[in-house]
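Colleague: Can you walk me through how to read ring pairs and cores in a model like this one? Let's start with what is inside and what is outside.

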Amino acid sequence: MSLLGEIERKGLAADRGVLRLVTAGSVDDGKSTLIGRLLYDSRAILQDQLDALERASQRRGAAEIDLSLLTDGLEAEREQGITIDVAYRYFATVRRKFIIADAPGHEQYTRNMATGASTADAAVLLVDVRKRMVEQTRRHLLLARLLGVRHAIVFANKMDLVGYSQAIFAAVRDEVLAFAAPLGFTTLEVLPGSALRGDMVVTRGPELDWFDGPTLLERLESLESAADDALSGPLRLPVQLASRPQGDSARSYLGRIESGAIAVGAEVLVLPAGRRTRVRHLIVQGASREVAVAGDAVSVELADEIDISRGDLIVDAAAAPREARAIEATLVWLDAEPFRPGARYLVQQAGRRTPARIREVRSRRDVHTLEERAADGAIAVNDIVRAALAVQSPIFVDAYEAVRATGAFILIDEATNRTVAAGMVQ
């Protein structure tokens, strides 16, 4: 029986259905209200939260409950009526569990949206049907795809303010589909609705009886999660800790499986040592296992004595990542200080850290045309650029689209110790 067949037989991947989603869009398009409505109508709000929400709404002079306050958690945000931080919320239905990241809409907080999208399975993008797509809407769609989000749902919001016009919705839908077509989302759908009134969020509204597609919740419940992709990928286990033997116990290596699966008796490759060995013993949550899968925190005992330390990789011997000293990557610049040519940075990738330099800024993404245009060598906050980097010590990478864990990295300024950029290996 194959390893995946063994996983299915033992039900080890049965609880992999948690869907992580990020909401995004331009400011005032209704992201926080949409998520509040989703939580409220799916009965995911506890009574004490509801009481606090009612009091907060009254203090702001609202005639009814302001659902946007469920995610706008910071007092400064509530006073300004905007979302600045990335607010995370958890809820569940009878069919699925969800983790929601509500990202800010202001252009100056694009980097916050990148944080929310970096672990998301799906993106829910809000569009105000009166304004249609604006620059920040395009930026968020592009950024979500660059960060490996494969599924997108565009919620054409505030349909109640245009009389639920089918023609206006069709125009918005066509504009979105035309812009997003080159991005290559696995699935992309456009749904009409009203977050304020609850139309097409959890329940259908009679005014939208001309639309026969799913509600937002119905679509979210049917999407595949990235855990399924991770499970079918090649083994990638970054070592977080090497446990020294005590008494008769053998040395073991601890970490979280980021991709693929590992089984007792399977051949693995240890990097950077380049040594092949076999798995002798596995422990997951204090119990011995024959198989462990992506998402499991595992302790691995190997058949041979190999010098392994934090930051090393245990990988599929038949499908190893590539060794690289030079990488082509897409960078999202996060720091308020612009890029300084010649500056020294640290690349943090899959538990490894090594000095690096940006050798060349090759192009800059245009959020209006999706084309790459010539770069002038400068990079400022929120810029999305393609660059060539040189690293001092070899790192082992996959294309970000194939394996997020070994295809992603961050850049740290050596002088200030600030994280200045997030990178995706091409």
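**Rings and cores**

Modeller: F169 and F211 are both buried, that is, under 20% relative accessible area (exposed is over 50%, partly exposed in between; 1.4 Å probe, protein chains only). Keep in mind that this is a predicted model, where local features need pLDDT of at least 70 and side-chain atom pairs pLDDT 80 or more, while totals for chains, interfaces and linings use all residues. Numbering runs from 1 along each chain as its sequence is written, and side-chain values use heavy atoms, with hydrogens and water left out.

Colleague: How many aromatic pairs are there?

Modeller: Phe, Tyr and Trp rings (six-membered ring for Trp) pair when their centres lie within 6.5 Å; planes under 30 degrees apart are stacked, over 60 edge-to-face, the rest tilted. That gives seven aromatic pairs here. F169 and F211 make an edge-to-face one, 5.9 Å between centres and 80° between planes. They bring together distant parts of the chain: F169 sits in helix α7 (residues 166-180), F211 in the loop between β6 (187-192) and α8 (216-222), 42 residues apart. Helices (H or I, at least four residues) and strands (E, at least two) are DSSP runs numbered from the N terminus.

Colleague: And how are W333 and Y345 arranged?

Modeller: W333 and Y345 are edge-to-face too, 6.2 Å centre to centre with 85° between the planes. W333 is in strand β17 (residues 322-333) and Y345 in strand β18 (residues 345-349), so this pair ties together parts twelve residues apart in sequence. W333 is buried at 1% relative accessible area, and Y345 is buried at 1% as well. Back at F169, that ring belongs to one aromatic cluster with W210 and F211.

Colleague: Which residues touch the most other members of the largest nonpolar core?

Modeller: A nonpolar core is a set of buried Ala, Val, Leu, Ile, Met, Phe, Trp, Tyr and Cys residues joined through side-chain atoms within 4.5 Å. In the largest, with 66 residues, L141, L216 and L220 touch the most other members. Strand β4 (residues 122-128) gives the largest share, six residues. There's also a second, separate core of 24 residues, including W333, V347, I395 and A421.

Colleague: How many residues of helix α2 are buried?

Modeller: Nine of the eleven in α2 (residues 31-41), so call it mostly covered. Among them are K31 and R37, alongside L34, I35 and L38. Just after α2, R43 takes a positive phi of about 60°.
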